[in-house]
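Hi,

Here is the structure I promised to pass on. Have a look at it first, and my notes follow underneath.

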Amino acid sequence: MHTPRSSVGRLLLALCLLLLAPAALAGIDAKYPQLHQVFPQATRYGDIEGTPPAAAVYQGDKVIGYVFETVMVAPVPAYSGAPINLLVSIGTDGSIRDARVLEQHEPILLVGIPVQKLYDFVARYIGHRVDDKIVVGGGASGSVRIDAISSATVTSMVVNETIMNSALKVAASRKLIAGAADTGAATAAVRANYYQDADWKTLTGNGAIGHLRLARQAITEAFKGQPESGLVDDPTAPPRDEDEGEQTFIDLYFADVTPPTVGRNLLGAQAYADLMKHLKPGDSALAVMANGIYSFKGLGYVRGGIFDRVHLLQDGKLVLFKDSDLVALNDPQLRGMPEFREQAIFIVRSGATAGIPGFDATRPWTLQLLVNRQVGPLRSIYHTFTRDYRMPAAYTTRPEATAESAAGAPPANAALWQKIWYGRRVDIALLLGGLAVLTLILVFQDWIVKYPVLLERVRTGFLVYTLVFIGWHGLAQLSVVNIFTFIQSLLHGFHWETFLMDPLIFILWVFVAATLLLLGRGVYCGWLCPFGALQVLVSKVAKRLRVPQFEFPRAVHERLWALKYVILLVLFGMSLQSLNTAEHYAEIEPFKTAINLHFARSWSYVLYAVVLTGISAFNHKFYCRYVCPLGAGLAVSGRWRLFEWLRRRPECGKPCQVCANECEIKAIHADGRIDFNECHYCLDCQVTRVNDHKCPPLVQQRKKRERAARPLPTPVLTITPASAPETPQPTTVAD
């Protein structure tokens, strides 16, 4: 028998269940309502389930897509150590319908690069298929290239791996695709020996010649609501009456003439052969022909400039044409071809570099025609019209991939860090070469310091290499954030993959760790820090220009040393509480602005970096000596070094002070001791130590040797002539 109390309790429970039912029955769209824009025809959404976890999207009882969080499917550790979580939607046709960032902790995006660039980068995957072979920055043959976020290449590659791996897993598990794309296929190539006789109708009919026609009315619609030009002969102005509404603005035809069937028929056999001599391997030739009142070359074009109206676009990469790319198209031979007012051939340079393919004419690309309207003396507005183009399949062939081309390449299922290392193998080789040179300098320092002019040139050249290659090109500027990330990894689970994501940073840290153990912090701070190299080079230029130098009194200088250790302790304490907060305040390092972002940042960050760089013109390496928390961290780590290769003499400091006075870092104490916590290993003191014209003990020894080697003076004998005998005087006898 139920009591009234139990009945009331059950009633309340039922009411609660009724209230919670909508939320309990709601699908993933309850958490992410923006999905209704991705699948507007959807009638309901399922919840995340299955292996791998994904939520089905329904139209009635029919599944039309799937939605999932990448962290549940393919959690790829990013540079921060944590995966980037994205919400990805795919259709049942295998296409990526939507991709957006849910959570990320990348240091370069927390403070530095606007996070909007990451959002824009992720959005570029929309429309691709899940089995497309997308490679960030190029690399593998037959792949679709997407340019990386500038100065955030590792993050870009992580996002690419995250989206494509997770999408492929979900699609394969739901039987949307048969399997992964063929990763062994080689890129298509133009069939150089394939030729068929053809006329204008044939080549325009099979797509070998593309077509873009614009009427003046279309231009009027494109610039609707925009300011008028005011020019009498403005071709973009609205037609003066209805009869001119259909007047041709431009009637443009274009074709890749590299295939013999197109090129030989259009140009003639001899002209085609001459054109092919101008092309390097991988280059193509684009013929453009047009009638109308608008010039595709541009009326304001000047020699040495760039053609600003006709461009090619492939995988987000824009191909521009210079004057050196222009070849005259005279007397075309194609049967049935109409006459054109303007025609030309542009050389499409492949632009391929080591490990990064350039323009591939056998893959789809887009011709862009830029139409500009002059609305002021110095102001123009633009509108771009496009036509897609793909070389007919009959003109291309897909050869088998050779063992030579695939040698050394990581397999498709290789870890992301292996793919990154393979893609940057040239940079890795250049870095290892530079580190090998530095190692030789350190090992043979006792010999090279005997040749100060040679050492000065080698050191200056190496600093330029450090700044330009390691810093501005490789973006391998170490930071105190790297130390905090390493400590956090030790505390919360160490994963090698986190640190292998950037090969140059990893190799540098290994080398720095070895030199810290052997010689202390000076090797990195004096030779391998890009911002330090920038300061030294600025200082050298300033001294050449006789800029007056300023030094703090010794007592002030030694107390300012402590400032960087205080900064390090504060940042370290913040990192224990929140790594993100520590990364934010680590902006006291100007490295991100001056090196990673190439000064392309908001004015406050740029001003800070420029001021610190400018101070080094008056006070040698001011930032490194007094502010740098990374230098402080390396100094603490390098206290337990095994060797001291910087030699001293018993007379150093007692009383000789030459090295102490000349040391630009002021790392030599008055008693002659070198403070290895502050020394930057420039080797200047070692040059002085072996210089017998500057080092007082050697000066004395040299003078003694010179005196000893000086010949004794030859005594001069003075011969006095003998005196003549006295002539006897006559004697007078008195009477």
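Two terms before helix 9 comes up: contact means heavy atoms within 4.5 Å, and helices (H or I, at least four residues) and strands (E, at least two) are DSSP runs, numbered from the N terminus. This is a predicted model, in which local features need pLDDT of at least 70 and side-chain atom pairs count only at pLDDT 80 or more, while totals for chains, interfaces and linings use all residues. Residues are numbered from 1 along each chain as its sequence is written, and side-chain values use heavy atoms, with hydrogens and water left out.

Overall picture first. The protein chain has 29 helices and 18 strands. Of its 735 residues, 47% count as buried, where buried means under 20% relative accessible area, exposed over 50%, and partly exposed in between (1.4 Å probe, protein chains only). Among contacts between residues at least 6 apart in sequence, 70% join residues at least 24 apart.

Now helix 9, residues 260–267. Seven of its eight residues are buried, namely P260, T261, V262, G263, N265, L266 and L267. Those buried residues pack against helix 7 (200–205), helix 10 (269–278) and three strands: strand 10 (248–256), strand 11 (284–292) and strand 15 (342–348). Right after helix 9 comes G268, with a positive phi near 100°.

Next, the cores. A nonpolar core here is a set of buried Ala, Val, Leu, Ile, Met, Phe, Trp, Tyr and Cys residues joined through side-chain atoms within 4.5 Å. The largest one has 74 residues, and Y524, L528, F531 and L630 touch the most other members. Helix 18 (residues 503–518) gives the largest share of this core, seven residues. A second, separate core has 56 residues, including L212, F249, A287 and Y389. Back in the largest core, what does L630 touch, not counting residues up to four places away in sequence? The list is L478, S479, V480, I483, W509, Y524, E589 and F591.

On to the empty spaces. These come from a 1 Å grid over the protein atoms alone: a cavity is a set of points where a 1.4 Å probe fits but cannot get out, a pocket is an open set with protein on both sides within 12 Å along at least five of seven lines, and lining residues have an atom within 4 Å of a point. Grid points are joined across faces, edges and corners, and a volume is the space filled by probe spheres set on the points. For residue classes, Ala, Val, Leu, Ile, Met, Phe, Trp, Tyr, Cys and Pro count as nonpolar, Asp, Glu, Lys and Arg as charged, and the others, Gly among them, as polar.

There are two cavities of 30 Å³ or more. The largest holds about 110 Å³, and of the 18 residues that line it, R648, C652, C656, V658 and C659 are the closest to its centre. Helix 27 (658–662) gives the largest share of that lining, three residues. Helix 28 (684–689) and helix 29 (696–709) each supply at least two. By class, the lining of the largest cavity has nine nonpolar, five polar and four charged residues.

The second largest cavity has a volume of about 70 Å³. Of its 14 lining residues, the closest to the centre are Y524, C525, C529, C624 and C628, so you will meet Y524 from the largest core again. Helix 19 (522–528), helix 20 (530–544), helix 25 (622–626) and helix 26 (629–637) each supply at least two residues of this lining, which divides into 10 nonpolar, three polar and one charged.

The second largest pocket is also worth opening up. About 720 Å³ of space lies in it, and of the 32 residues that line it, E456, K540, E664, C682 and D684 are the closest to its centre. Helix 15 (452–473), helix 20, helix 27 and helix 28 each give two or more residues to the lining, and its classes are 16 nonpolar, six polar and 10 charged.

One last residue: D675, in the loop between helix 27 and helix 28. Is D675 buried or exposed? It counts as buried, because its relative accessibility is 15%. The D675 side chain reaches the backbone nitrogen of N677 at 3.1 Å, a polar contact (a pair of N or O atoms within 3.5 Å; within protein, one must be able to donate a hydrogen and the other to accept it, and residues adjacent in sequence count only if both atoms are side-chain atoms). Leaving aside neighbours within four places in sequence, D675 is in contact with W561, A667 and H669.

Cheers
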